[in-house]
Every structure is written in C-alpha cells, then in structure tokens.
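Reader: I should like to go through this structure by question and answer. Please set out the conventions as they become necessary.

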Amino acid sequence: MSENDNQCESEYFNSSVVRYRKRLDAQFYETPCEEMAMSLLGKILVRRLDDNTILRGRIVETESYLGYEDAASQSFKGKITPRNEPMFMKPGTAYVYFTYGMYHCFNISSKGDGAAVLLRALEPLDNLDTMTSLRKQYRKCPKSQMKIKDLCNGPAKLCISFAIDIKSCNKQDLTSWDGMWVEEDENSKLIDTIVCSPRIGIKCEKKWQEKFLRYYIRDNPCVSKIEKIKMNELKYSQIENLK
C-alpha cells in the first residue's frame with residue numbers, strides 16, 4: 001500500500017510538506033493538566049523503533065485526568081500503586097498501562113500530583129506502511145483493507161500502530177529518551193477550533209462523567225468520536241494565549 005494512496009487529509013493539515021521542529025522540553029510539560037491536554041493538539045508524536053524506523057503522527061485528540069480530585073483518575077484521592085506510579089513522576093513522563101487484558105493506553109504526566117493526559121487519537125504522517133503492518137498483527141481479518149484515518153483513531157489503536165507498550169515505553173522521560181518524544185510543528189498554528197466534551201467510557205460519579213475534559217481538533221477525520229450534543233468550542237488562539 002502506498003502512503004500517498006490513502007492520506008488522512010484534514011481541513012487544517014493538507015500541505016504535503018510537514019515542517020517538524022524541536023522536541024518539546026520540560027517547560028512545556030510543567031503545565032496544568034487541562035492546559036497541557038489542549039496544548040498538545042497539533043503537536044507531533046515521534047516514535048523510534050528498535051530498527052531505527054521513525055513513526056510520526058499529529059496529536060488530534062486528548063483527555064485530562066486531574067489526579068487527586070478527579071473521580072475518573074487512577075490517582076483519585078492520591079492513590080499510588082505500582083501501576084500508576086508514572087502519574088506522580090516528573091511532568092513529561094510516559095505512563096503506559098494495560099486495559100481490557102489486551103490493549104495499552106498511553107499518557108503523559110503533567111504538572112500536579114497524579115495528573116496526566118491520555119492521548120486518544122493521532123493523524124498518521126510518516127511510515128504509514130509500518131503502522132499498518134503493526135495494526136494487522138492484532139486484526140481478526142489482517143488481509144482486509146485498512147483506511148489510514150482508522151490507524152490511530154483510538155487510544156489502543158495508536159499504541160499498536162506506534163508499538164507503544166509497558167515494557168519499552170513506560171516511565172520514559174519524553175524530554176530526553178531517544179525512543180519517543182513530542183515535537184513542535186509550525187502547522188499547528190493552522191488549527192482554528194478545539195472541541196471540548198465529556199471523556200469517553202468513564203464510569204464514576206456523574207459530576208466527573210460530565211466534565212468537559214476531552215479535547216479534539218474540530219473537523220479532523222482521525223478523531224475517534226465526534227460529539228454533537230454535549231460540547232463547547234474554543235479558538236486555538238485562546239489556548240496559545242494561556243502560555
């Protein structure tokens with residue numbers, strides 16, 4: 001499959017030239033969880049595999065988990081376990097955990113004890129054939145055609161496509177590790193609107209189920225689920241002005 005045959009084109013990022021910039025530093029992650037979750041939108045997640053293949057995808061959907069006060073957070077009321085320890089490590093630490101007995105989810109710790117941002121969806125950019133091969137290993141019908149927009153449109157899917165797992169990625173410092181990091185991209189300035197909505201699949205007290213702590217780039221086809229009822233919209237410039 002040619003990477004050019006099935007491009008995941010979005011309204012904001014339809015340029016054939018993707019201009020990558022510097023790796024995000026510690027200062028970026030030293031940010032309150034909600035702000036960091038919004039600021040990550042449009043940034044580039046980079047994964048270097050063991051064979052030095054470089055995978056890149058633009059972050060298009062995130063969720064905030066605020067720590068002590070957040071009933072939906074694994075660190076609710078300051079609970080620390082061997083599993084969630086990375087949520088209490090320095091901001092910018094990768095937290096990868098196993099869910100449903102077969103899938104991984106990838107988070108990045110933020111400012112605030114026990115606070116972290118879940119990456120929910122990416123827009124695939126570089127080495128799509130490798131991502132497709134990785135995804136097919138987990139599919140019931142690996143020979144069936146896979147749309148590029150479906151490669152990373154969910155937290156488990158993006159972990160499979162980027163070979164993100166506990167053994168290789170958990171507790172890694174994204175400001176220094178050469179296996180994975182997040183980059184700036186000047187095209188992020190093309191983002192117009194961010195949608196805020198309740199998080200997906202949350203089971204806890206209603207107050208926290210309904211909080212608007214999920215964020216995604218409006219009209220991006222790689223988002224996992226479009227919210228049409230419970231949602232607010234923010235101009236991306238408002239987020240940039242918070243920094």
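Author: Contact here means heavy atoms within 4.5 Å. The structure is a predicted model, in which local features need pLDDT of at least 70 and side-chain atom pairs count only at pLDDT 80 or more, whereas totals for chains, interfaces and linings use all residues. Residues are numbered from 1 along each chain as its sequence is written, and side-chain values use heavy atoms, with hydrogens and water left out.

Reader: Which residues does T31 touch, not counting residues up to four places away in sequence?

Author: T31 lies in the loop between α1 (26-29) and α2 (33-39); helices (H or I, at least four residues) and strands (E, at least two) are DSSP runs, numbered from the N terminus. Beyond four places in sequence, the residues that T31 touches are M36, S110 and K111.

Reader: Is T31 buried or exposed?

Author: Buried means under 20% relative accessible area, exposed over 50%, and partly exposed in between (1.4 Å probe, protein chains only). T31 has a relative accessible area of 10%, so T31 is buried.

Reader: What percentage of the residues in the protein chain is buried?

Author: The protein chain holds 7 helices and 10 strands. Of its 243 residues, the buried share is 52%.

Reader: Which strand gives the largest share of the largest nonpolar core?

Author: A nonpolar core is a set of buried Ala, Val, Leu, Ile, Met, Phe, Trp, Tyr and Cys residues joined through side-chain atoms within 4.5 Å. The largest one has 62 residues, and L40, L45, F106, I108, L119, I164 and M180 touch the most other members. Its largest share, 6 residues, comes from strand β6 (residues 116-126).

Reader: With which residues is F106 in contact, leaving aside its neighbours within four places in sequence?

Author: F106 belongs to the group that touches the most other members of the largest nonpolar core. With those neighbours set aside, its contacts are L45, A94, Y95, V96, V117, L118, L119, C159, I164, L174 and M180.

Reader: What is the bridge partner of both E63 and S197 in β9?

Author: Two strands pair if DSSP finds at least two bridges between them. Strand β3 (residues 54-65) runs antiparallel to β9 and is joined to it by 3 bridges, while 4 bridges join strand β8 (residues 193-197) to β9, also antiparallel. For E63 the partner in β9 is R214, and for S197 it is likewise R214.

Reader: Which residues of strand β9 are buried on the side opposite R214 and Y216?

Author: In a regular strand the side chains alternate between the two faces of the sheet. Both faces of β9 (residues 214-217) are covered, with R214 and Y216 buried on one side. Buried on the other side are Y215 and I217.
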